[in-house]
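Open the model in your viewer and keep the sequence panel visible. The tour below goes from one selection to the next.

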Amino acid sequence: MKILTGKEQKNVKNQFKTVLKQEQKFLAYQPNELIAEKMCKIEKNLQQKIPEKVTTSLQQVFAKSFQLLFEKGSNLIYKTYRTSKIQHTQQLHQKLERFFSKKELFYLQKEVTSCGLFHQGVTAIEGAGLGLLGIGLPDIPIFLAMVLRNIYQIGQIYGFQIDNNAEKYMVLSIICTAVTTKAQRERFSALTDRVAYQVSLSKSDIDDMKLQQMIETTSQKICTRLLFAKAVQGMPIIGVTGGVVNFAMMNDIRKAATYKYQKRFLSQYLS
């Protein structure tokens, strides 16, 4: 690990403080109470009109799709990355090894933002397109694959590979942080930080059983967040809202992943 000069240390500390402020704002966010209350009433009224079989079917698709993608699809997802993007990121890290400047940190963050906007755009377009046609279920595995691809790529940009149970567990806790409400969001955020710290000390105790339990928890959290939207997406015309929901959820996931991996990256250099 590179030993930083006084100026480089200052750059790291300033950036770390900035990320902490951004993350705290993200964790503390609560939707307008009046709007939330109205949306809750609308959602309850529409949920009563959705057949129980549809709800059960969606829950099963979420669970199976997420399990399969997370356990078997990681290698395939990695293969979809552009070689030029990976090489550019490696060059940025090499420059940071020579001098840890704010400029290179900015370019690294620019890569993350570009990655996030790409995934948000793709999921919004395919969600809206399928929703317009009244197709809901096929959107689920596509959306979940893009969620994982987004997080994996953000982690990779900051120099972390998702190649063991602890890294996978961190990905899951990031997703839970993004898709839950304030109280749970803070709990999962703290869990993510704890796992990142344990990994940095090579003291992680995440075995296959713990990972499996977290996969099930995460699948349930995502399903809860998206269930209503995907049921509605199966209705022609009105289902176009699926694109809006996809975009908003991917935005939250992008932010959560960015803050966590950026903090983890910077903390390596803090003395």
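Which backbone nitrogen does a side-chain oxygen of Asn164 reach at the start of helix 8? Select Asn164 and Ala166 to see the pair: the oxygen of Asn164 comes to within 3.1 Å of the backbone nitrogen of Ala166. Keep in mind throughout that this is a predicted model.

**The whole chain**

Zoom out and colour by secondary structure. The protein chain has 11 helices and zero strands, so the pattern along the sequence reads α-α-α-α-α-α-α-α-α-α-α. Of the 271 residues, 47% are buried. Now show the surface. The accessible surface of the chain is about 14,400 Å², and carbon and sulfur atoms supply 58% of that. Among contacts with a separation of 6 or more, 84% join residues that are 24 or more positions apart.

**Helix 1**

Select residues 6-28, which make up helix 1. This helix has 23 residues and spans 33 Å from its first C-alpha to its last, close to the 33 Å expected at 1.5 Å a residue. Which residues of helix 1 are buried? They are Glu8, Gln9, Asn11, Val12, Phe16, Val19, Glu23, Phe26 and Leu27. Colour these nine names in turn to see where they sit on the helix.

**Helix 8**

Go back to helix 8 and select residues 165-179. Helix 8 has 15 residues and reaches 21 Å from first C-alpha to last, close to the 21 Å expected at 1.5 Å a residue. Why is helix 8 described as largely enclosed by the rest of the structure? The reason is that 13 of its 15 residues are buried.

**Thr180, after helix 8**

Next, select Thr180, which lies in the loop between helix 8 and helix 9 (182-200). Is Thr180 buried or exposed? Its relative accessible area is 6%, and buried means under 20%, so Thr180 is buried.

Show the side chain of Thr180 and look for two polar partners. The side chain reaches the backbone oxygen of Cys176 at 2.6 Å. A polar atom of the Thr180 side chain also lies 3.3 Å from the backbone nitrogen of Arg185. Leaving out residues up to four places away in sequence, Thr180 touches Arg185, Phe188 and Lys221.

Phe188 leads to the next selection. Add Arg187: its charged end sits over the ring of Phe188, 4.5 Å from the ring centre.

**Along helix 9 and past its end**

Select Gln198, which is in helix 9. Its relative accessibility is 23%, so Gln198 counts as partly exposed. Apart from residues up to four places away in sequence, Gln198 touches Lys203, Ser204 and Asp205. Now add Ala166, the residue from the opening question. Gln198 and Ala166 are 32 residues apart along the chain, and their C-alpha atoms are separated by 8.7 Å.

Move on to Ser202, in the loop between helix 9 and helix 10 (208-233). What is the sign of phi at Ser202? Phi is positive there, at about 60°, although Ser202 is not a glycine. With a relative accessible area of 69%, over the 50% cut-off, Ser202 is exposed.

**Leu144 in helix 7**

Select residues 139-157 for helix 7, then pick out Leu144. Leu144 is buried, with a relative accessible area of 1%. Which residues does Leu144 touch, not counting those up to four places away in sequence? They are Phe62, Ser65, Phe66, Leu69 and Ile222. Add Ser219 and draw a distance between the C-alpha atoms: Leu144 and Ser219 are 75 residues apart in sequence and 9.9 Å apart in space.

**Gln109 and the rings**

Select Gln109 in helix 6 (residues 102-132). Gln109 is partly exposed, with a relative accessible area of 21%. The C-alpha atoms of Gln109 and Ile157 are 8.8 Å apart, with their positions 48 residues apart along the chain. Beyond residues up to four places away, Gln109 touches Tyr158, Thr258 and Gln262.

Tyr158 is also part of an aromatic cluster, together with Phe265 and Tyr269. A search of the whole structure finds four aromatic pairs. For the last stop, show Arg264 and Phe160: Arg264 lies over the face of Phe160, at 4.0 Å from the ring centre.

Note on methods:
Residues are numbered from 1 along each chain as its sequence is written. This is a predicted model: local features need pLDDT of at least 70, side-chain atom pairs count only at pLDDT 80 or more; totals for chains, interfaces and linings use all residues. Side-chain values use heavy atoms; hydrogens and water are left out. Helices (H or I, at least four residues) and strands (E, at least two) are DSSP runs, numbered from the N terminus. Buried means under 20% relative accessible area, exposed over 50%, partly exposed in between (1.4 Å probe, protein chains only). A polar contact is a pair of N or O atoms within 3.5 Å; within protein, one must be able to donate a hydrogen and the other to accept it, and residues adjacent in sequence count only if both atoms are side-chain atoms. Contact means heavy atoms within 4.5 Å. Accessible areas come from the Shrake-Rupley method with a 1.4 Å probe; for residues, only the protein chains shown count as cover. Rings of Phe, Tyr and Trp (its six-membered ring) pair if their centres lie within 6.5 Å; planes under 30 degrees apart count as stacked, over 60 as edge-to-face and the rest as tilted. A charge sits over a ring if NZ of Lys or CZ of Arg is within 6 Å of the ring centre and within 35 degrees of the ring normal. The expected span of a helix is 1.5 Å times one less than its number of residues.
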